[in-house]
Amino acid sequence: MVPAMADTSGPDSLPAPAFGPDSEEMLRCNRCELRYVPSKSTSSLRLTYCSFLCELGDLGFSIAGLEHMEPQPKAIEAPAVDLDAQAEETAEPAVVE
Ligand SMILES: [Zn+2]
């Protein structure tokens, strides 16, 4: 993936950047303030954070995690069984004569 071509054609061989010279604009991470290429960011907010770790650290959660995290549905309690109703009827205080 990483081209390991050493370009020694120029007299002053500057260290070639890993990304294209004018392919993409570098951004500064909102958290760690590192400069990064947005397309290489693992964050869902790649225009803001250099990686999902910074996103996670800054927000306290990750957007990607939220997408997969669904609120637990409340356990719906089963409706009262008819036996209870009958029990209540039979539980009426009997009039003692
Ligand atoms: Zn960062």
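**View 1. Tyrosine 49, a buried residue in the loop between S2 and H1.** Tyrosine 49 has 28 other C-beta atoms within 10 Å and is therefore buried, in a model that is predicted rather than determined by experiment. The residue is placed in the loop that joins S2 to H1. Once its neighbours within four places in sequence are set aside, tyrosine 49 is in contact with Cys29, Asn30 and Arg31, with Ser41 and Ser43, and with Cys54, Glu55 and Asp58. Measuring from C-alpha to C-alpha, tyrosine 49 and arginine 28 are 7.6 Å apart in space, although 21 residues apart in sequence.

**View 2. Arginine 31 in the loop between S1 and S2.** Arginine 31 belongs to the loop between S1 and S2, and because 18 other C-beta atoms lie within 10 Å, this arginine is classed as partly exposed. When residues up to four places away in sequence are not counted, arginine 31 touches Tyr49, the buried tyrosine of the preceding view, together with Cys54, Gly57 and Asp58. For aspartate 58, which stands 27 residues apart from arginine 31 along the chain, the separation of the two C-alpha atoms is 6.4 Å.

**View 3. Glutamate 33 and its positive phi.** Glutamate 33 lies in the loop bounded by strand S1 (27-28) and strand S2 (35-36), and its phi is near 60°, a positive value in a residue other than glycine. Glutamate 33 counts as exposed because it has 9 C-beta neighbours inside 10 Å, where the limit for this class is 12 or fewer.

**View 4. Arginine 46 in the loop between S2 and H1.** Arginine 46 sits in the loop that leads from S2 to helix H1 (52-59). Its 18 other C-beta atoms within 10 Å make arginine 46 partly exposed, since a buried residue would need 20 or more. Apart from neighbours within four places in sequence, arginine 46 is in contact with Pro38 and Ser41. Arginine 46 and leucine 27, 19 residues apart along the chain, have C-alpha atoms separated by 9.2 Å.

**View 5. The chain as the setting of the close-ups.** The secondary structure of the chain comes to 3 helices and 2 strands, and from the N terminus on these elements follow the order β-β-α-α-α. Of the 97 residues in the chain, 7% are buried, and tyrosine 49 is one of the buried residues. Among contacts in the chain with a separation of 6 or more, 8% are between residues 24 or more positions apart.

Terms used
Residues are numbered from 1 along each chain as its sequence is written. This is a predicted model: local features need pLDDT of at least 70, side-chain atom pairs count only at pLDDT 80 or more; totals for chains, interfaces and linings use all residues. Helices (H or I, at least four residues) and strands (E, at least two) are DSSP runs, numbered from the N terminus. Two residues are in contact if their C-beta atoms, placed from the backbone, lie within 7 Å.
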